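Thank you all for making the time this morning. I would like to walk through one model with you, going from the separate chains to the places where they come together, and I will put it on the screen now.

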Amino acid sequence: MGGLRNSLKAHRKKQDLTQAQLAELTHVSRKTINTIENAVFIPSTILSLRIARALNTSVHDIFALEEDV
Amino acid sequence: MNATTIATIRNGSFSLLGLVLLGYALAVLFVGRPDPMPPWVPGLAGALTALVVTLISRLNTRAAVSVAWDELTRSEWARSLRGGYWMAVWMYAAFGLALFNDIVTYPQAFAAMGTLTGAAPCLLFLRAWIKGRV
């Protein structure tokens, strides 16, 4: 999906987490994490914040507008 | 039951319902009568699906159900419903033409359109499942 870039996979790997583990921490399915990483699905603000908190970072570090990258 | 099992049962139930309804509609069109099989089949399939989906939601923990119905799934379900709506609208045009050209009768069109309208979102959800999105 255009417009939004994310570095979720890199942040997740940095924390040594699998997709399933991150999914469990954020209360979603592994498929949801997978589709976000592949830029197929854009998460809600709430889920973005939950992901950022689980990865000890900020939403801005994971997600960015394409024109800002 | 974990979230994956709940999602699999739910997806399977919706898929099966979609296929039953599609099968009924195709039978209506190919057999050439509005009741090619007992007319309660689509209704019973729908009621059983509703029962299964409700039961797996009620009999499992709220946490597991919440993950099974997470925002990706809700988004895909909403997308399936939107697609189903437009398919239903286009069916009026398609069946209107078929009626105008005496390809189908009004009772056939009624039976086929009703079941296809129900089948469309379920089959679109099945497509999302096959694509690995739910």
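Let me begin with chain A, where, of its 69 residues, 28% count as buried. Please keep in mind throughout that what you see is a predicted model, with an ipTM of 0.89 and a pTM of 0.91. Chain A is built from five helices and two strands, and if you follow the sequence from one end to the other the elements come in the pattern β-α-α-α-α-α-β. The radius of gyration of this chain is 11 Å, close to the 11 Å that the globule rule gives for 69 residues, so chain A is as compact as a globular protein of that length. Its C-alpha trace spans about 30 × 20 × 20 Å along the principal axes. As for the range of its contacts, if we take those between residues at least 6 apart in sequence, 59% of them in chain A join residues at least 24 apart.

Chain B can be described in a parallel way. Its average pLDDT is 96, and 100% of its residues score at least 70. The secondary structure here consists of five helices and zero strands, so to speak the plain run α-α-α-α-α from the N terminus on. Its C-alpha atoms fill a box of roughly 55 × 25 × 20 Å along the principal axes, and 32% of its 134 residues are buried. Among the contacts in chain B between residues at least 6 apart in sequence, 81% join residues at least 24 apart.

Next, one helix of chain B in more detail, namely H4(B). With 30 residues at 1.5 Å a residue, H4(B) should span 44 Å, and the C-alpha atoms at its ends are 43 Å apart, which agrees with that expectation. The buried residues in this helix are Leu72(B), Thr73(B), Glu76(B), Ser80(B) and Gly84(B). A useful reminder at this point is that an α-helix has 3.6 residues a turn, so residues three or four places apart point the same way. And what do the buried residues of H4(B) pack against? Their partners are H3 of chain A, together with H3 and H5 of chain B. Just after the helix, Asp102(B) takes a positive phi of about 55°.

That brings us to the contact between the chains, in which eleven residues of chain B touch ten residues of chain A. On the chain B side, helix H1 (3–32), helix H3 (62–68) and helix H4 (71–100) each supply at least two residues, and the largest share, three residues, comes from H4(B). By character, the chain B residues that touch chain A divide into five nonpolar, three polar and three charged.

The largest nonpolar core has 39 residues, and those that touch the most other members are Leu21(B), Ala25(B), Ala119(B), Cys122(B) and Phe125(B). Both chains take part: helices H2 (19–26), H3 (30–37) and H4 (45–54) of chain A, and H1, H2 (40–58), H3 and H5 (106–130) of chain B, each supply at least two residues of this core. The most comes from H5(B), which gives 13 residues. Looking at Leu21(B) in particular, and leaving aside its neighbours within four places in sequence, we find it in contact with Pro42(B), Ala45(B), Thr115(B), Gly118(B) and Ala119(B).

I will finish with two individual residues that you may like to find on the screen. Thr117(B) sits in helix H5 of chain B, and it is partly exposed, with 17 other C-beta atoms within 10 Å. Although Thr117(B) and Ala25(B) are 92 residues apart along the chain, their C-alpha atoms are separated by 9.8 Å. Beyond its neighbours within four places in sequence, Thr117(B) is in contact with Ala88(B) and Met91(B).

The other residue is Arg58(B), which lies in helix H2 of chain B. Is Arg58(B) buried or exposed? It counts as exposed, because it has 8 C-beta neighbours inside 10 Å, where the cut-off for exposed is 12 or fewer. The C-alpha atoms of Arg58(B) and Gly46(B), twelve residues apart along the chain, are separated by 18 Å.

Key. Residues numbered from 1 in each chain as written. Chains lettered and ligands numbered in written order. Predicted model: local features only at pLDDT ≥ 70, side-chain atom pairs only at ≥ 80, totals over all residues. Contact = placed C-beta atoms within 7 Å. Helix = DSSP H or I, 4+ residues; strand = E, 2+ residues; numbered from the N terminus. Nonpolar A, V, L, I, M, F, W, Y, C, P; charged D, E, K, R; others polar. Core = buried A, V, L, I, M, F, W, Y, C linked by C-beta atoms within 7 Å. Buried ≥ 20, exposed ≤ 12 C-beta atoms within 10 Å, placed from the backbone. Rg over C-alpha atoms; globule rule 2.2 N^0.38 Å. Expected span 1.5 Å × (residues − 1). pLDDT = per-residue confidence, 0-100.
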